[in-house]
Amino acid sequence: MRPLAVTGVGIVSPLGSEPCAVLAALDQGQKGLVAVRDAPLAGSGWAGRVVDFDPGPVIPPMRARRLDRASQFAVVAAHRALSAAGLLGEERLRRGLGVVMGTSSAGSGPLTVFLEALYRQSPEAAPPFEFPNTVANAPASHVSIELKLEGPNTTLAHSEAVTGMALVLGRQMIEDGRVTAALVGAVDEWNPYYQLGYEQIGALRGQVEGGGGSLLSEGATELVIEPADAAEARGARVLARILGVGVASAAGEPYRWLPDAGALAQAIRGALAEAGMPAEAVGSVFLAANGVEAMERAEAEALAAVFGAGPLAATGIKGAVGERSTSGALGVAVAALCRARHRLPPYAGGSLASWPAPVRLLAAPGELPPGATLVLLYGFGGNYAAVILS
Amino acid sequence: MPSFSDCPIVVTGLGAVTAIGAGREAFWQGLIEGKSGIRPLELFDPAAYRTQTAAWIDEAALDLSFLGPRDRQRTSRADRFALAATREAIADAGLELGSLPPERLAVVLGSGAGGLIEAEEWFGKVALSGRLGQVREILAHGPDLVTNRVASWLGARGIRSTVVTACSSSTLSVGQAADLLRAGLADVVVTGGSDSLARLTYGGFNSLRAVDPDPCRPFDRERKGLSVGEGAGILVLEREVDARRRGARWYCRVAGYGSTSDAYHMTAPEPSGAAGARALTSALESAGIDASAVDYVNAHGTATPHNDRAEAAALHHVFGARAARLPTSSIKSMIGHCLCSAGAVEAVATCLTVQRGVLPPTLRWESPDPECPLDVVPNVAREQEVRVALSSSFAFGGNSACLVLSAE
């Protein structure tokens with residue numbers, strides 16, 4: 001594949017909304033998890049929440065009122081990513097920039113407000129202004145409206161691994177000549193009904209911070225990707241290059257964790273094949289480790305199958321931010337930022353106390369070892385992806 | 001990535017579940033007979049809503065015998081529509097599931113509400129009483145569950161993707177499925193979409209005063225809004241070279257597609273039609289086909305006053321004066337607006353139109369609208385050879401998409 005450059009990153013996350021602040025928080029072992037047991041209907045548990053979010057600097061208050069929370073996250077992250085890439089307001093990108101956004105929960109806030117009114121009062125009492133934002137593409141659409149982007153605009157729904165497919169699609173838009181660059185990422189909004197629902201079906205096992213079990217997350221992360229040669233030609237700062245993306249899946253019940261080392265290994269091998277590099281060329285990995293022991297065991301098995309004894313310097317962020325589509329995009333963004341600063345944050349925790357070879361967990365911030373960086377993504381329902389950065 | 005002309009993509013299998021027929025042939029027969037599936041809504045009590053009709057599906061008409069009782073209980077309506085249409089499309093393509101490398105079988109579907117109608121029961125119980133509903137109700141929620149369910153039933157281990165761009169979801173899903181084949185990331189892609197009616201969507205469009213209390217009348221001067229529908233359309237796509245090698249026959253080519261954003265408003269179409277036209281132009285450009293070669297347009301044609309007017313304007317942007325003579329029908333007059341599966345169901349209809357040379361009509365068209373000067377194939381199907389057809393979708397958020405389907 002033609003290498004892609006990551007030239008800008010925009011983040012709204014439980015660890016903050018400035019890339020340097022997010023990296024500093026990860027380096028210091030901070031966590032963006034808050035107890036949600038006091039929230040109405042939320043049951044007990046923890047979640048990665050965005051606190052003290054102010055869209056004001058980017059979205060004027062009158063316009064912000066029309067946007068749901070997820071859309072505000074997305075517009076702010078997109079604005080920051082394009083600004084960081086030096087592309088904000090570029091007229092040539094009005095029709096030459098693709099938008100591909102993944103989500104697990106966009107629209108859930110307006111949806112529950114609408115349904116609460118419908119059930120508690122009547123269908124006629126349901127607020128019409130909420131309905132348009134119940135669609136999952138509302139955040140990506142608001143990005144196009146607020147930033148005047150008329151190029152292809154797509155939203156994909158799947159678990160954390162959706163960022164892998166979003167990168168594939170963004171790349172295809174570029175290779176097909178439909179656009180010259182793409183804004184790729186994911187957005188999510190925490191919702192008490194979803195917290196309850198996930199708890200009820202046993203997806204959020206482990207209700208104690210640091211204990212076993214996945215936690216929900218929210219926020220938005222956007223990456224600007226463009227052909228590496230084009231980025232260099234315009235003098236852009238290249239944070240990292242994306243050399244390969246692999247996507248695979250496992251069959252099974254769609255609402256369960258489906259640990260499948262074979263599917264993850266297939267995704268990793270697909271990414272390596274695209275990158276045209278042997279496994280030995282990878283020196284570090286961002287684990288998908290999410291606190292679900294069976295998933296982490298499958299991940300360890302897949303890494304051993306592909307990389308043998310390694311070693312791979314390993315880190316991971318979900319222990320600090322939780323898991324949703326947005327955590328996958330955040331993982332890729334943090335990996336790109338770490339490539340640029342030549343330093344990795346410590347592993348933020350998961351379920352397994354120790355990992356077998358080739359994984360060498362980082363207990364403290366460390367130098368980026370030689371070789372490419374692999375980012376692993378997986379989530380609910382059997383979806384797996386792998387991304388290789390250099 | 002090779003162009004569409006360098007790597008032709010063909011449709012080798014079709015499946016459909018609609019309010020006018022369960023199964024591809026029943027659907028097609030309904031289309032050319034001008035059958036309407038819009039009727040009093042019985043899926044839930046509509047008495048408190050502004051309108052009471054919809055194009056809904058009686059599940060008793062579906063052959064779901066291939067699902068065991070446990071699967072019947074654990075799946076949503078949208079899952080079952082999708083599974084029934086997938087089973088039909090795979091058989092139609094002549095594919096033996098066990099003979100396909102599962103890593104090379106991809107599933108790309110469009111959905112939106114998905115199993116929301118079942119999940120609403122759960123939301124309702126929590127909202128009204130604070131008590132939890134049944135686990136099986138909440139399990140239905142999430143558009144990606146439909147894709148996961150279909151992929152798992154197929155035993156697929158390749159790429160999965162769920163496109164959620166509201167009413168253009170499953171038009172885009174077909175285009176993106178073709179991209180995967182062109183890029184060599186899959187050998188067979190099961191694509192299309194499935195969506196079921198839900199209180200949210202029914203109540204939502206009613207709250208916007210966008211629903212006609214009577215069956216809808218696309219492009220008619222007296223139109224008052226859409227009729228909400230549901231259903232599934234599934235297409236099996238392969239590279240033509242692969243289909244030819246295995247001796248498969250095909251309906252038509254997916255010759256290209258377009259995807260653009262209006263960047264205008266969350267619900268209102270850009271009124272000049274220029275924004276909508278860009279999706280059509282982009283699709284034709286990707287196909288390398290001139291607008292003069294287009295024989296037929298399967299329109300979005302929702303029957304809301306603003307949308308139909310903007311769509312007619314878009315067609316005039318692309319085709320000039322010829323737009324008034326170019327056959328352009330809206331099958332939503334028969335199957336309602338199937339929302340996130342609308343594009344897929346309409347793509348299935350358009351594939352059959354290209355193969356069979358019969359244009360489905362626009363029902364209930366009586367009064368010409370000077371602001372929609374189109375040949376809408378009024379009320380009666382028409383025989384006509386179709387070499388190149390467009391199937392277009394315009395969605396909330398300004399997500400516009402268009403497929404180019406061609407005989408060769």
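# Exercises on a predicted two-chain model

**Exercise 1. Classify A:Ala203 as buried, exposed or partly exposed, and place it in chain A.**

Step 1. A:Ala203 has 18 C-beta neighbours inside 10 Å, so it counts as partly exposed. The model is predicted. The cut-off for buried is 20 or more, and for exposed 12 or fewer.

Step 2. Locate the residue. A:Ala203 lies in the loop between helix H7 (192–200) and strand S7 (219–227) of chain A.

Step 3. List its contacts. Setting aside neighbours within four places in sequence, A:Ala203 contacts A:Tyr198, A:Ser214 and A:Phe380.

Step 4. Check a distance. A:Gly246 is 43 residues away in sequence, and its C-alpha is 25 Å from that of A:Ala203.

**Exercise 2. Do the same for A:Ala81: which element holds it, and is it buried or exposed?**

Step 1. A:Ala81 sits in helix H3 (residues 69–84) of chain A.

Step 2. Count neighbours. There are 28 other C-beta atoms within 10 Å, so A:Ala81 is buried.

Step 3. Find its partners. Beyond four places in sequence, A:Ala81 touches A:Gly8, A:Val9 and A:Gly10, then A:Leu183, and also A:Glu222, A:Leu223 and A:Val224.

Step 4. Take a C-alpha distance. A:Val179 is 98 residues along the chain from A:Ala81, at a separation of 17 Å.

**Exercise 3. Test the length of helix H9 (residues 261–275) of chain A, then describe its surroundings.**

Step 1. H9(A) has 15 residues. At 1.5 Å a residue, it should span 21 Å. The multiplier is one less than the number of residues.

Step 2. Compare. The end C-alpha atoms of H9(A) are 21 Å apart, so the span agrees.

Step 3. Assess burial. Eleven of the 15 residues of H9(A) are buried, so the helix is mostly covered. Among them are A:Leu264, A:Gln266, A:Ile268, A:Leu272 and A:Glu274.

Step 4. Name the packing partners. The buried residues of H9(A) pack against strand S8 (240–249), helix H10 (293–307), strand S14 (372–379) and strand S15 (383–389) of chain A.

Step 5. Look past the end. Just after H9(A), A:Gly276 has a positive phi of about 65 degrees.

**Exercise 4. Describe the crossing of helix H10 (residues 274–287) and helix H11 (residues 305–319) of chain B.**

Step 1. Their axes come within 8 Å and cross at roughly 55 degrees.

Step 2. H10(B) and H11(B) are therefore oblique to each other. Their crossing is right-handed.

Step 3. Assign the contact. H10(B) contributes B:Ala274, B:Gly276, B:Ala277, B:Leu280 and B:Thr281, while H11(B) contributes B:Ala310, B:Glu311, B:Ala314, B:His317 and B:Val318.

Step 4. Sort by class: six nonpolar, three polar and one charged.

**Exercise 5. Which residues of chain B face chain A, and how does helix H4 (residues 108–120) of chain A meet H8(B)?**

Step 1. In the interface, 58 residues of chain B contact 58 residues of chain A.

Step 2. Find the contributors. Elements of chain B that each supply at least two residues include helix H4 (116–129), helix H8 (199–207) and strand S9 (252–261). H6(B) gives the largest share, seven residues.

Step 3. Sort the chain B side: 27 nonpolar, 22 polar and nine charged.

Step 4. Take one helix pair across the interface. The axes of H4(A) and H8(B) come within 11 Å and cross at roughly 85 degrees. That makes H4(A) roughly perpendicular to H8(B).

Step 5. Name the residues. A:Leu111, A:Phe114, A:Leu115 and A:Leu118 meet B:Arg199, B:Leu200, B:Gly203 and B:Gly204. This contact has five nonpolar, two polar and one charged residues.

**Exercise 6. Where are the cis peptide bonds and the positive phi values in these loops?**

Step 1. Recall the norm. Most residues other than glycine have a negative phi, and most peptide bonds are trans.

Step 2. The bond from A:Gly310 to A:Pro311 is cis, with omega near 5 degrees. A:Pro311 lies in the loop between H10 and strand S10 (312–315) of chain A.

Step 3. The bond from A:Ala357 to A:Pro358 is also cis, with omega near 15 degrees. A:Pro358 lies between strand S11 (343–344) and strand S12 (359–361) of chain A.

Step 4. A:Lys148 is not a glycine, yet has a positive phi of about 55 degrees. With 13 C-beta neighbours inside 10 Å, A:Lys148 counts as partly exposed.

Step 5. B:Ala166, in the loop between S6 and H7 of chain B, also has a positive phi of about 55 degrees. B:Ala166 has 29 C-beta neighbours inside 10 Å, so it counts as buried.

Definitions and conventions
Residues numbered from 1 in each chain as written. Chains lettered and ligands numbered in written order. Predicted model: local features only at pLDDT ≥ 70, side-chain atom pairs only at ≥ 80, totals over all residues. Axes fitted to C-alpha atoms, helices over the stretch in contact; angles between N-to-C directions. Helix = DSSP H or I, 4+ residues; strand = E, 2+ residues; numbered from the N terminus. Parallel < 35°, antiparallel > 145°, perpendicular 65-115°, else oblique. Left-handed = near helix turned anticlockwise from the far one by under 90°. Contact = placed C-beta atoms within 7 Å. Nonpolar A, V, L, I, M, F, W, Y, C, P; charged D, E, K, R; others polar.
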